[in-house]
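Student: Could you take a close look with me at the part of this model that meets the DNA? I'd like the cut-offs spelled out as we go.

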Number of protein chains: 2
Amino acid sequence: MPRARAAVDVFQAVADPSRRRILLALARGERTVTQIIESITLPQPSVSKHLGVLRAAGLVAVRRRGRERMYAVRGEPLREVRDWADTFKKHWDQHLSRIKSRAERTARRGKESRDSSQATPGKAPVIPPWPVWKGKYL
Amino acid sequence: MPRARAAVDVFQAVADPSRRRILLALARGERTVTQIIESITLPQPSVSKHLGVLRAAGLVAVRRRGRERMYAVRGEPLREVRDWADTFKKHWDQHLSRIKSRAERTARRGKESRDSSQATPGKAPVIPPWPVWKGKYL
DNA sequence: GCATCATATTCCCAATTGAGAATATGTCAA
DNA sequence: TTGACATATTCTCAATTGGGAATATGATGC
């Protein structure tokens, strides 16, 4: 019921592209906020705010060095993300073989009349052809 | 700079816990919307809407079976999530060893210029102790 | 102290989000 | 056709979000 806040939930924290870019910039080693700002084009307050979210999610660690702050990746929370996605590995392995078998089936019969509107009683494809719009699946 | 919409971006789509639960429910095989509703406690319109988002992200496939609809996981987009998170594997592998080596380096007379913020000569941990609240890092 | 650099915080705003209720669409069965 | 069932869509609402500008805090050097 409670909405997952980006300030706490790793998946939410990682959902923002700017934050992923920040993490990527930090992947090679510690960076100051100024260095991060240089690598990704984003105003300083935004970067600081994103860093705050990443900090709240435990994804970065801070250390003071003089008047600057060194940020470093703290990758451990990402393990959950990886493990979760990895759970579905079989589903993306299976995907191609499914497409393949479907293609073979379709090729064996000449033309397909209509697809998702009516499933053929004998063999109903699990994965229908997917409408694509702007490079994304609809 | 455009905000990533959940209806298109995989990371966003996966950021919602309810949607992750739906995917988990589908992980074992095709399910009807009603079956999904039964496995996760959430009102039907919410489930349908979440399924719409998952569909828009290419994470599920639909197939009609009579008056019901069978949803199935389409895991391929999750590969990007996994690969991205996997990029940081070294950061959770090397986490402890990094603290260790840095502690050793610093202990060996930390020449590292001025850590004017109370660099306790002897050990300056890269990762400060992390405040935890409700099992999450703050 | 004072000016300056580095970073964080606050405030405002438009857009997105997710829940919930009500309603609409579509399909089967009698 | 009528009615029950399965699912989707619409609408409203409150909360969250991210950007931008302005401002605040904090450390350094003179």
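Tutor: Happy to; here is the DNA-facing surface, followed by the helices and strands that relate to it. This is a predicted model, so local features need pLDDT of at least 70 and side-chain atom pairs count only at pLDDT 80 or more, while totals for chains, interfaces and linings use all residues. Residues are numbered from 1 along each chain as its sequence is written, chains are lettered from A and ligands numbered from 1 in the order in which they are written, and side-chain values use heavy atoms, with hydrogens and water left out.

Around DNA strand C there are 26 residues, the closest being A:T34, A:Q44, A:S48, A:Y71 and B:K49; a residue is near the strand if one of its heavy atoms lies within 4 Å of it. Of the atoms of DNA strand C that come within 4 Å of the protein, 59% belong to sugar and phosphate. By class, this surface has twelve charged, seven polar and seven nonpolar residues. Here Ala, Val, Leu, Ile, Met, Phe, Trp, Tyr, Cys and Pro count as nonpolar, Asp, Glu, Lys and Arg as charged, and the others, Gly among them, as polar.

Which elements supply it? At least two residues each come from α3 (33–39), α4 and β3 of chain A and from α2 and α4 of chain B, and the largest share, four residues, comes from α4(A). Helices (H or I, at least four residues) and strands (E, at least two) are DSSP runs, numbered from the N terminus.

Now for individual polar contacts, meaning pairs of N or O atoms within 3.5 Å. A polar side-chain atom of A:Q44 lies 2.5 Å from a base nitrogen of DNA strand C. On chain B, polar side-chain atoms of B:R19 and B:S18 lie 2.9 Å and 3.5 Å from a phosphate oxygen of that strand.

B:S18 and B:R19 also help α2(B) touch α4(B), along with B:I22 and B:L23; the α4(B) side offers B:V47, B:H50, B:L51, B:V53 and B:L54. Contact means heavy atoms within 4.5 Å. The axes of these helices, residues 17–26 and 44–56, come within 10 Å and cross at roughly 80°. They are therefore roughly perpendicular, a label for angles of 65 to 115 degrees. Axes are lines fitted to C-alpha atoms, for helices over the stretch in contact, and angles run from 0 to 180 degrees between N-to-C directions.

In chain A, α4 (residues 44–56) lies across β2 and β3, at about 120° to β2(A). Those strands belong to an open antiparallel sheet of three, ordered β1-β3-β2; strands pair if DSSP finds at least two bridges between them.

Definitions and conventions
Angles under 35 degrees count as roughly parallel, over 145 as roughly antiparallel, 65 to 115 as roughly perpendicular and the rest as oblique. A polar contact is a pair of N or O atoms within 3.5 Å; within protein, one must be able to donate a hydrogen and the other to accept it, and residues adjacent in sequence count only if both atoms are side-chain atoms.
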